[in-house]
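Student: I should like to learn how to read helix packing and charge pairing from a set of coordinates. Could we work through one case together?

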Amino acid sequence: MTDTRTGRFTHTYSGRRFFATQARPEDIFIEDTAHALSLTNRFNGHTPLGPYSVALHSIYVSLSCKPEDALWGVLHDASEAYMADLVSPVKAQIPQYRAIEKNLMDVICDRFDLPHEMPESVKLADSMVLAAEVRDLFTLPATAWNLPHRPIHRRIRHQLHWRTVEKLFLRRFQELTQPTKWYHIPTDWLL
């Protein structure tokens, strides 16, 4: 089938053309998602202790939400693999960006058979992982962030090479989508 879409596009890691505002489920490849998220820094790269990727954040969220929501958890920021990440204070001021991001997340949900609305356990885990990131990655006291939830108990480990994080992200995805073919992520890498 010939792709008749026109306009601006980006190239993905796998070499495909990606139209963010015209995306289709068949345009989403987990390898592209894992690669891009492992190279995308959270907090716009302002973590004092070194880089910390969106992919690693997503793994923590997936491990911290309800097991039945874990796939949503690992993919909850998947749109950032294709649109980049904006810090929350900026994103809140750009409604058009948020609409495009929501549409893209709907496409990602369709691709992986997920409900379009983020489950509450993923929202909670995302907030609790954020609190742990603030606790473990920043020098500013966590109270200065005025966060609504307590952190997860695990310490955030951030000194992992991006290729390792990419592989861990893919392994987490595969254990959730093909549980009989893959073994679980060893949790000792999180300690």
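**Helix packing and salt bridges**

Tutor: In this predicted model, helices H2 and H7 are oblique to each other.

Student: How does one describe such a pair of helices in general?

Tutor: Two quantities serve to describe two packed helices: the angle between their axes and the distance between the axes. Here, the axes of H2 (residues 54–64) and H7 (residues 120–137) come within 8 Å and cross at roughly 125°. An angle over 115 but not over 145 degrees falls in the oblique class, and H2 and H7 therefore belong to it. The crossing in which H2 passes H7 is right-handed.

Student: Which residues of H2 and H7 make the contact?

Tutor: From H2, the contributors are His57, Tyr60, Val61 and Ser64. From H7, they are Val122, Ala125, Asp126, Val129 and Glu133. By class, the residues of this contact comprise 5 nonpolar, 2 polar and 2 charged.

Student: Glu133 carries a charge. With which residue does Glu133 form a salt bridge?

Tutor: The general idea is that side chains of opposite charge can pair when their charged atoms come close. In this structure, Glu133 forms a salt bridge with Arg42, and their closest N and O atoms are 2.6 Å apart. The two residues are 91 residues apart, with Glu133 in helix H7 and Arg42 in the loop between H1 and H2, so the pair links distant parts of the chain.

Student: Are Glu133 and Arg42 buried or exposed?

Tutor: The cut-off for buried is under 20% relative accessible area. Glu133, at 0%, is therefore buried. Arg42 has a relative accessibility of 12%, so Arg42 also counts as buried.

Student: How many salt bridges does the count give?

Tutor: The count comes to 12 salt bridges. One of them joins Arg24 and Asp3, with the closest N and O atoms 3.9 Å apart. This pair, too, links distant parts of the chain: Arg24 lies in the loop between strand S2 (17–18) and helix H1 (30–38), whereas Asp3 lies in the segment before strand S1 (10–11), 21 residues apart. Arg24 is partly exposed, with a relative accessible area of 25%, and Asp3 is partly exposed at 29%.

Student: Which residues are linked with Arg24 and Asp3 in a network of salt bridges?

Tutor: The network consists of Asp3, Arg5, Arg24 and Asp27.

Student: Where do Lys102 and Asp106 lie?

Tutor: Both lie in helix H6 (residues 95–111), 4 residues apart, which is about one turn of the helix. Their side chains meet in a salt bridge with an N to O distance of 2.7 Å. Lys102 is partly exposed at 36% relative accessibility, whereas Asp106 is buried at 16%.

Student: I should also like to read the backbone. What is the phi of Phe43?

Tutor: Phe43 has a positive phi of about 60°, although Phe43 is not a glycine. Phe43 is placed in the loop between H1 and H2, and counts as buried at 15% relative accessibility.

Student: What is the phi of Asn44, and is Asn44 buried or exposed?

Tutor: Asn44 has a phi near 55°, again a positive value in a residue other than glycine. Asn44 is also placed in the loop between H1 and H2. At 52% relative accessibility, Asn44 counts as exposed.

Terms used
Residues are numbered from 1 along each chain as its sequence is written. This is a predicted model: local features need pLDDT of at least 70, side-chain atom pairs count only at pLDDT 80 or more; totals for chains, interfaces and linings use all residues. Side-chain values use heavy atoms; hydrogens and water are left out. Axes are lines fitted to C-alpha atoms, for helices over the stretch in contact, and angles run from 0 to 180 degrees between N-to-C directions. Angles under 35 degrees count as roughly parallel, over 145 as roughly antiparallel, 65 to 115 as roughly perpendicular and the rest as oblique. A crossing is left-handed if the near helix is turned anticlockwise from the far one by less than a right angle, and right-handed if clockwise. Contact means heavy atoms within 4.5 Å. Ala, Val, Leu, Ile, Met, Phe, Trp, Tyr, Cys and Pro count as nonpolar, Asp, Glu, Lys and Arg as charged, and the others, Gly among them, as polar. A salt bridge is a side-chain nitrogen of Lys or Arg within 4 Å of a carboxyl oxygen of Asp or Glu. Buried means under 20% relative accessible area, exposed over 50%, partly exposed in between (1.4 Å probe, protein chains only).
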